[in-house]
Amino acid sequence: MNSLVLQTASRFLLPLLLLLSVVILLRGHNTPGGGFVGGLLAASAFALQAMAFDVESARRMLRVNLLAMVGLGLTLALVSGFFSLSAGGPLLKGLWFEVPVLGFDDPIKIGTPVLFDIGVYLTVLGVVLTMIFTLQEVVE
Amino acid sequence: MNALVVSPIAIPLLTAFLCMMAWRSVALQRALSIAGALALFACSVLLFVRVLDVGVLAADIGGWRAPFGITMVADTLSALMVLLNGVVAVAIVFYSIGAIGPRREKHAYHTLVHCLLASVSGSFLSGDIFNIYVWFEVMLMSSFVLLTLGGERGQLEGALKYVTLNLLSSSLFLSAVGLLYGLVGSLNLADIAIKLGSAGDEARPVIAAIAVLFMASFGIKAAIFPFFFWLPASYHTPAPVISALFGGILTKVGVYAMMRVYTLIFAPVFPAAGEILLWIAAFTMVTGVLGAAAQYEIRRILSFHIVSQIGYMIMGLAIALLVLERMDGAPIEDRPAMLATAAMALGGVAFFILHNILAKTNLFFVAGVVHRLRGTGELKELGGLYKERPYLSLMFMVSAMALAGIPILTGFWGKLILVVAGVRAGEYWIVGVSLGVGVLTLFSMTKIWAEAFWKARPEEAEGTEPKPDDTRGTGWMNAVVAGFVVLIIGVSVLAGPIYRVTERAGHELIERAPYIRAVLDEEYLRSLPGGIGERWIEPRAETAAAGEGR
């Protein structure tokens, strides 16, 4: 597709969508959102790039092979379950740590479910983009 | 302990994911794959030893207490099955070095194999009926892709039949799970067993419907009569190493699932199961072996034999269920002997599965080597292998004779246990059928021997074999075949001690109390309405329960 409007808009929308996807990912623990929705949003950002320009440019922007990204996501999700296992607990039980961060009065709570969600995020991003890119390449 | 129970699932999954990340390098994937399989084997050995040592182990995933979360349970039977899965895993990865070729390896072969191994371990270890469904789906997806890997015409045709029938099986399974959940409100196997056991008579028709749905669904997976058509239609089409993996371990998952749900859940509430399964077993044995007699391609013959061997396993299960059902009306003093017979039948099934995984996988491995040397598996184009490869021929002979049940080899012991249990249960006709099928199995095996190994090579086949370049790597394949022959002989020699372990697995399946107690804690058992959990609590209640419930 060769549309100036879409190409200009996607330049602005891409970073916004990616930022939003990360926000959705992080707020997902207690509120609506999470890795799956975040991953879908991020995928839509790259899909927009692929449609406004071409698949090749979107792939370049990603830098990572999609299959490797899916593998990484699945590994992260699985490894997040190993933390409590190494502490003698059951597989996939959430562990939470309090991490003091500069600029915040209270320490931030970070837990293994966040890692799991990041894994889901990457997996969904990789799988959805594989599908979209494959279809798009047939069209091109 | 928690880690040990889930490790046979987590290790192959991790290996599969790492192989995905290493998509660029086939060599790295291969190394990861071998390391993963060895780790899986090591963990499955540790788990098996531990279960033999301390009894049934259970792990609640995510720390959610049973029956609300998903529980993984390892009793003697499932630990044994996981161990066999580990053995096959190691054999497959080493055999693949020579057998699979970079073209298939590039298309995520190693990832798929390890996903399959994880799903098989998952099905063996899961203590949650819906979770078993999920593992079955993972298994179906990875096996479907493995089946079509390479994209030859025959493969796609076989895969279509495979996936259609297996999807049907999945939908039956899901409906059965739904009905069961509607009836008892639980998915945890141990919890279902308790609640279904105390259901009133008005629930019996629904229970029968659910039990038959499970029978059909697991029956399709296990390839029993009349659902077996997909198996001989598809198992000979993919790369030989994939045939070996499927033929060795996949159908046994269906048999295992059937053993699990019928002994744990349905034995006391669906008394007709034994009779039905006995007939199915007879038909499965006979049709499988007759189908094999009509075939002239090595892997097709072996595929039909998978079906007939599944019949033996179902026969053992059916005998056990029949004996358990008769125990209700039997005089008290006969009951210990009947319990022993039932345990013997189930132990016989476990032993037979062990034997079959070794012998059948190895026959497929040999078929792979033959395919590699000659470029075909058609009996009429083969010949002269005995002259050319005497050791390979000898190794085929040992595995084939083991499968046919020639004395002192594993198949003989497996059949002997089942036959003795059948005679003790008074089911003489099925014993007769199984012995007749044994003779026909011998016929098929000698057919392969005579045609592929013994007879002179047909003249028109001269020069059609692959060039020496293409037969590189057969060293690894031969080594794996030799390793399995050593295993088969080892199991044959140690049949006594091994049978004692499988018989213990049978006792555990019948008693049910160790399983239930390992999964559900005392507090939950006490909290069940109407005191239905009480009889499972006290260790002393075990003998009383065995006498009164059965």
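Read from the N terminus, the elements of chain A follow the order α-α-α-α-β-β-α, which comes to five helices and two strands in this chain of the predicted model. Taken along the principal axes, the C-alpha atoms of chain A fill a box of roughly 55 × 35 × 25 Å, and 40% of its 140 residues count as buried. When contacts in chain A between residues at least 6 apart in sequence are considered, 64% of them join residues at least 24 apart.

The surface and the charges of chain A can be described next. Its accessible surface comes to about 8000 Å², and 71% of that area belongs to carbon and sulfur atoms. Chain A carries 7 positive and 8 negative side chains, and the centres of these two sets lie 1 Å apart.

One residue of chain A shows how a helix meets other parts of the chain. Thr112(A) lies in helix 5, which covers residues 112-139, and with a relative accessible area of 6% this threonine is buried, because buried means under 20%. Once its neighbours within four places in sequence are left aside, Thr112(A) is in contact with Ser80(A), Phe83(A), Lys93(A), Gly94(A) and Leu95(A).

In chain B, helix 2 is a convenient place to begin. This helix holds 29 residues, 26-54, and at 1.5 Å a residue it should span 42 Å; the C-alpha atoms at its ends are 41 Å apart, so the expected and the computed spans agree. The buried residues in helix 2 of chain B include Val26(B), Gln29(B), Ser33(B), Ile34(B), Gly36(B), Ala37(B) and Leu40(B), and further along the helix Cys43(B), Ser44(B), Leu47(B), Phe48(B) and Val51(B) are buried as well. In general, an α-helix has 3.6 residues a turn, so residues three or four places apart point the same way. After helix 2 of chain B comes Gly55(B), whose phi is positive, near 95°.

Salt bridges offer another way through the structure, which holds 13 of them over all chains. Side chains of opposite charge can pair when their charged atoms come close. One such pair is Glu157(B) and Lys161(B), whose side chains meet at 3.6 Å, N to O; because these residues are four apart in helix 7 (residues 153-184) of chain B, about one helical turn separates them. Glu157(B) counts as partly exposed at 48% relative accessibility, and Lys161(B), at 40%, also counts as partly exposed.

Where does Arg374(B) lie, and where Glu388(B)? These two residues form a salt bridge in which the closest N and O atoms are 3.2 Å apart. Arg374(B) lies in helix 14 (residues 335-374) of chain B and Glu388(B) in helix 15 (residues 385-388), so the pair ties together parts that are 14 residues apart in sequence. At 5% relative accessibility Arg374(B) counts as buried, whereas Glu388(B), with a relative accessible area of 46%, is partly exposed.

A further salt bridge in chain B joins the side chains of Lys455(B) and Glu451(B), at 3.1 Å from N to O. Lys455(B) is partly exposed, with a relative accessible area of 23%, and Glu451(B) is partly exposed too, with 28%. Elsewhere, Arg65(B), Asp521(B) and Glu523(B) are joined into one network by salt bridges that share partners.

Notes: Residues are numbered from 1 along each chain as its sequence is written. Chains are lettered from A and ligands numbered from 1 in the order in which they are written. This is a predicted model: local features need pLDDT of at least 70, side-chain atom pairs count only at pLDDT 80 or more; totals for chains, interfaces and linings use all residues. Side-chain values use heavy atoms; hydrogens and water are left out. Buried means under 20% relative accessible area, exposed over 50%, partly exposed in between (1.4 Å probe, protein chains only). Contact means heavy atoms within 4.5 Å. Accessible areas come from the Shrake-Rupley method with a 1.4 Å probe; for residues, only the protein chains shown count as cover. Lys and Arg count as positive and Asp and Glu as negative; His and the chain ends are not counted. The place of a charge is taken as NZ of Lys, CZ of Arg, CG of Asp or CD of Glu. The expected span of a helix is 1.5 Å times one less than its number of residues. A salt bridge is a side-chain nitrogen of Lys or Arg within 4 Å of a carboxyl oxygen of Asp or Glu.
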